[in-house]
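User: I'm new to reading structures, and I'd like to learn where the terms come from. Could you walk me through this one?
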Amino acid sequence: MKLTRRQLLKNGLLVGAAPLAMGAAWTSQAGVADAPAQGEISLYGADRSATELGLGLRQKGLTPRYEGRLDPLSLNALPSGTLATGFTDEAGLVLLTSLLAGRGRILALGRHAADADQLVSHRGPLAGPLVAEGSSWQAALGREYGRLALTGRAGRHARQFRRPADATGTASELSFLIRL
Amino acid sequence: MSTSERILPKGVAAADFDAALARFREILGADSVLTDSDQLAPYTKIMMAGDDDDYIPSAALLPTATEQVQEIVRTCNQYKIPIWTISTGKNLGYGSAAPGETGQVMLDMHRMNRILDVDPEVCTALLEPGVTYQQLYDYIKENDLKLWLDPPAPSAIAGPVGNTLDRGVGYTPYGEHFMFQCGMEVVLANGEVVRTGMGGIENSSSWQVFKWGYGPYIDGLFTQSNYGIVTKMGLWLMPEPPAYWPFLIQYQDPEDIEEIVDVLRPLRISQIIPNAVVIVHTLWDAGTHVTRKTYYEGTDSIPREAIERIKADEGIGEWNVYAALYGTPEQIEVNWKIVEQAFGASGKAKIMYGEEAEKRGGGFSYRSALMKGDMNLQEFGLYNWRGGGGSMWFAPVSQAKGSETKDQTALAQRILGKYGFDYVAEYIVGWRDMHHVIDLLYNRQDPEETQRAHDCFAELIDEFAKRGYGLYRTNTEFMEQVAGTFGEPLREVHRTLKKALDPNGILSPGKSGIRL
């Protein structure tokens with residue numbers, strides 16, 4: 001993952017430090033940007049999957065803000081409390097989870113193959129398979145993530161769901177739902 | 001599957017843990033004591049072939065000051081709470097930010113991130129453990145200091161203190177990080193604070209310039225160990241040289257590794273080439289930016305035919321040597337002639353620099369950045385090579401002799417091949433040693449493949465040890481096994497020190513195989 005200087009400057013790890021005066025980079029960013037509006041969620045990914053995910057989120061009353069391809073370091077610039085979701089690759093997931101330690105919450109993670117979904121929720125039990133009449137699995141995932149984002153439940157739950165093979169492709173995808 | 005039941009530290013009653021948590025909240029404030037499942041989830045992400053259920057913390061603590069760390073360990077002693085310390089938590093592939101075992105409380109030091117001092121005259125820094133390389137890099141740039149850092153590959157997000165404590169390496173002439181460490185502040189298990197080296201002298205001006213202090217030198221006791229919690233560390237920084245000359249040498253034959261090392265060794269020992277040179281195999285060089293399935297769909301080891309296609313398509317050698325010269329232009333001119341002569345003698349090497357090296361495939365651009373201490377995250381691309389989230393660094397040491405390198409390469413390839421994994425590897429050349437770093441990449445979502453990766457890693461450890469090769473560092477799943485290869489007398493010394501310094505065994509139990 002190559003980072004431009006601009007991308008690096010955007011992340012909270014790059015806040016200039018003076019001897020004896022360096023505050024927590026994350027903390028220093030919090031509250032600087034505008035707080036997220038009620039129901040807003042940052043949505044990452046650059047293809048049809050992200051679009052469909054956004055559709056499902058809207059059906060649950062959330063307002064997705066399309067951010068394009070995920071640069072995990074850019075999450076540091078978002079205000080505390082921001083909800084974020086989307087798709088990324090293996091490298092992005094490693095970076096994302098690593099950066100959230102002590103800085104945010106992982107509400108749910110998903111691994112999606114052509115005919116199965118493996119989901120982990122930290123917001124209580126998961127609903128059934130990601131299938132619905134006339135809807136894509138990504139939109140169903142959006143509805144499920146929307147529900148988990150809004151629930152007050154806690155506890156880790158993991159399940160694997162089978163579903164009819166996705167005719168649009170076989171590439172595996174990784175999804176996430178986090179709160180900063 | 002549900003794991004919503006409460007995780008407690010081993011042997012600690014719920015009431016005692018609640019009392020300890022209440023005390024931690026008094027010390028740190030409620031927001032700095034994490035117990036919710038979704039807050040702890042990032043501390044459960046592992047990439048090694050262990051069981052997820054074995055690496056779940058019971059809580060995480062986020063101190064901002066040494067005094068808080070002192071109070072935390074006093075509380076842990078009172079309630080016999082085990083804590084697992086991380087600095088920035090970026091020890092990816094070696095245990096990441098997860099505890100050593102389920103139930104331990106994470107002591108996450110990333111909020112202790114003050115740059116306490118940078119002295120551009122003697123080229124030193126004094127840092128807290130949460131300072132990242134990027135943070136220090138920016139400080140140096142913003143203050144227009146002519147100093148270079150030596151980051152490891154996950155540069156921007158990792159930290160110099162944690163990496164040095166785990167005896168990590170980088171790619172400049174300051175690549176052996178612990179060699180360039182000078183002075184520590186350590187919180188001991190009893191809550192006392194000790195400063196090593198010259199730090200015990202009140203108002204000492206030489207804490208960051210003279211390592212040895214007086215009496216036994218003890219800094220090494222706090223690296224790869226669980227004898228104390230380092231809250232400050234001094235480092236030596238490299239002065240920016242007047243000129244810098246990165247270059248790439250490619251060899252195409254798998255057998256060439258022997259020649260490369262034997263040519264390199266005298267150049268490294270005499271400091272003609274002063275930096276921590278890397279000799280990168282095809283699959284590592286390609287794996288940072290291409291995926292395996294582009295060339296091979298099978299689940300066994302990638303075949304030679306596919307490796308040859310990668311070499312041809314990507315412009316990558318079988319072995320790719322990334323090195324650099326530093327100094328005045330005049331020094332570099334003289335040393336470059338020596339390098340060209342040495343590597344050119346056999347006629348096998350393709351020696352490149354500047355635009356020609358840039359145009360070749362592989363990693364010249366990001367390697368050039370790393371060899372001058374600049375930041376990038378290119379090597380995260382390796383996690384996309386095979387996919388599935390499994391990665392373990394197998395890192396045996398050898399002499400810098402071609403015969404040993406050839407032996408290690410063949411042994412590693414044989415064992416990895418037996419288990420169906422790829423040889424994704426590089427050698428980092430120290431002054432006289434080689435760190436042979438192999439990324440065992442596997443699909444962690446497949447239980448059978450994960451078990452296979454586990455068995456493969458265990459066999460690598462044992463078979464390398466039988467030939468006299470030990471690991472310089474390993475992940476938390478295999479610390480016990482690796483400690484065993486170094487022999488019982490050494491382990492007994494480690495245990496004796498542990499009993500003396502941490503009689504309740506509260507600090508990172510199991511780190512490097514050390515526990516009561």
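Analyst: Happy to! Let's begin with a term: buried area is the accessible area, taken with a 1.4 Å probe, that two parts lose on being put together, summed over both. Please keep in mind that this model is predicted.

User: What makes up the area buried between domain 1 of chain B and domain 2 of chain B?

Analyst: The two domains of chain B bury about 1300 Å² between them, and 61% of that is on carbon and sulfur atoms. On the side of domain 1 of chain B, Thr66(B), Thr88(B) and Lys90(B) lose the most area to domain 2, together 33% of what that side buries.

User: How do you know that domain 1 of chain B and domain 2 of chain B are in contact?

Analyst: Contact means heavy atoms within 4.5 Å. By that rule, 15 residues of domain 1 of chain B are in contact with 21 residues of domain 2 of chain B. The C-alpha centres of these domains lie 23 Å apart.

User: Now chain A. Why is helix 3 of chain A called oblique to helix 5 of chain A?

Analyst: The axes of helix 3 (residues 48–59) and helix 5 (residues 137–150) of chain A cross at roughly 45 degrees and come within 6 Å. Angles under 35 degrees count as roughly parallel, and 65 to 115 as roughly perpendicular. The crossing angle therefore makes helix 3 of chain A oblique to helix 5 of chain A.

User: Which residues make that contact?

Analyst: Among them are Leu53(A) and Gly56(A) of helix 3 of chain A, and Leu141(A) and Tyr145(A) of helix 5 of chain A. The contact residues divide into 6 nonpolar, 6 polar and 3 charged.

How values were computed:
Residues are numbered from 1 along each chain as its sequence is written. Chains are lettered from A and ligands numbered from 1 in the order in which they are written. This is a predicted model: local features need pLDDT of at least 70, side-chain atom pairs count only at pLDDT 80 or more; totals for chains, interfaces and linings use all residues. Side-chain values use heavy atoms; hydrogens and water are left out. Axes are lines fitted to C-alpha atoms, for helices over the stretch in contact, and angles run from 0 to 180 degrees between N-to-C directions. Helices (H or I, at least four residues) and strands (E, at least two) are DSSP runs, numbered from the N terminus. Angles under 35 degrees count as roughly parallel, over 145 as roughly antiparallel, 65 to 115 as roughly perpendicular and the rest as oblique. Ala, Val, Leu, Ile, Met, Phe, Trp, Tyr, Cys and Pro count as nonpolar, Asp, Glu, Lys and Arg as charged, and the others, Gly among them, as polar. Domain bounds come from an automatic or database domain assignment.
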